[in-house]
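Reader: I have a new model open on my screen and would like to learn how to read its strands and its pocket. Could you walk me through it?

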Amino acid sequence: PFARVAIVIDDFGQSLEIARRFLEIPLELTFSLLPHQRYTREIAALAHEHHRQVMLHLPMEPRGYPQVNAGRGLLLLSMSDTAIQQALRTAMDCSPHFVGVNNHMGSHFTENMRVMKAVLEEAKKHRFFFVDSYTSSLSVAALVAQDVRIPFRRRDIFLDNKQSESAIRSQLRQLRHRAKIQGTALAIGHPYEVTLRALRQEAEGFAREKIAVVPAGDLVADP
């Protein structure tokens with residue numbers, strides 16, 4: 001292959017059935033799991049058994065909070081550095097298979113240098129990498145990652161903001177196009193039925209165009 005892509009599927013943890021169906025897709029998808037969900041530990045173990053990389057999908061304060069709530073284990077701007085790091089360690093304890101972390105929501109949280117430094121310094125202690133889901137164009141994650149010296153990558157493409165099969169397939173083709181230009185590209189999607197169908201339909205396109213689908217950790221830039 002002359003280009004590589006990573007496809008991270010977020011928000012796993014609430015349904016074993018949908019996780020099993022995504023594991024059947026003949027692509028090396030990266031599974032990112034919300035902490036403290038009913039099946040977080042079980043899905044992480046299942047994905048690991050199937051040789052899929054497993055990440056922690058860490059809830060962070062979005063704009064519009066508390067009307068917009070990112071769920072259990074949410075990190076808030078009002079928290080102290082110590083409280084943030086303790087919450088991250090508690091989330092990490094949901095599975096021994098986590099190797100990296102990316103933000104769930106976080107459009108407000110990722111814009112703040114102090115709180116992002118608290119997160120990335122703790123993640124580095126555990127030898128995690130960090131993927132910025134890039135939910136805000138004002139995210140400081142890249143700057144903080146450089147300062148903390150943690151392996152880092154920013155999301156290039158969201159697959160399924162528009163939940164139609166044709167739109168998601170178009171985004172997958174755009175992912176391949178971006179990878180051919182850049183050499184690598186990283187996409188994020190969600191465990192929707194329509195995303196599952198689109199990935200099945202487009203799976204052969206990656207091999208046909210000689211683009212390898214690799215774990216997200218393979219695409220992070222070392223500090």
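Author: Happily! Keep in mind that this is a predicted model. Let's start with a strand pair: β1 and β2 (residues 30-33) run parallel and are joined by three bridges. To find the spot by eye, look for Ile9, which stands opposite Phe31 in β2.

Reader: How does the chain get from β1 to β2, and what is the hand of the crossover?

Author: The path leads through helix α1 (residues 16-23), making a β-α-β crossover that is right-handed.

Reader: Which other strands pair with β1?

Author: Strand β8 (residues 184-189) runs parallel to β1, with six bridges between them; there, Ala6 has Leu186 as its bridge partner. Strand β9 (residues 211-213) also pairs with β1 in the parallel sense, over three bridges, and Ala3 faces Ile211 in that pairing.

Reader: Is β1 mostly covered or mostly open?

Author: Here, a residue is called buried when its relative accessible area is under 20%. By that cut-off, eight of the ten residues in β1 (residues 3-12) are buried, so the strand is mostly covered.

Reader: Now the largest pocket: how much space lies in it, and which residues line it?

Author: The space comes to about 170 Å³. Its lining is made up of Asp10, His57, Asn103, His104, Met105, Ser107, Ser133, Thr135, Phe158 and His190. Strand β4 (residues 98-105) gives the largest share of that lining, three residues.

Reader: What is the chemical make-up of the lining?

Author: Seven of the lining residues are polar, two nonpolar and one charged.

Terms used
Residues numbered from 1 in each chain as written. Predicted model: local features only at pLDDT ≥ 70, side-chain atom pairs only at ≥ 80, totals over all residues. Heavy atoms only, no water. Buried < 20%, exposed > 50% of the residue type's maximum accessible area, 1.4 Å probe, protein only. Helix = DSSP H or I, 4+ residues; strand = E, 2+ residues; numbered from the N terminus. Pairing = 2+ DSSP bridges. Right-handed = clockwise from strand over helix to strand, strands pointing away. 1 Å grid on protein atoms, 1.4 Å probe; cavity = no way out; pocket = protein on both sides within 12 Å on 5 of 7 lines; lining within 4 Å. Points joined across faces, edges and corners; volume = space filled by probe spheres on them. Nonpolar A, V, L, I, M, F, W, Y, C, P; charged D, E, K, R; others polar.
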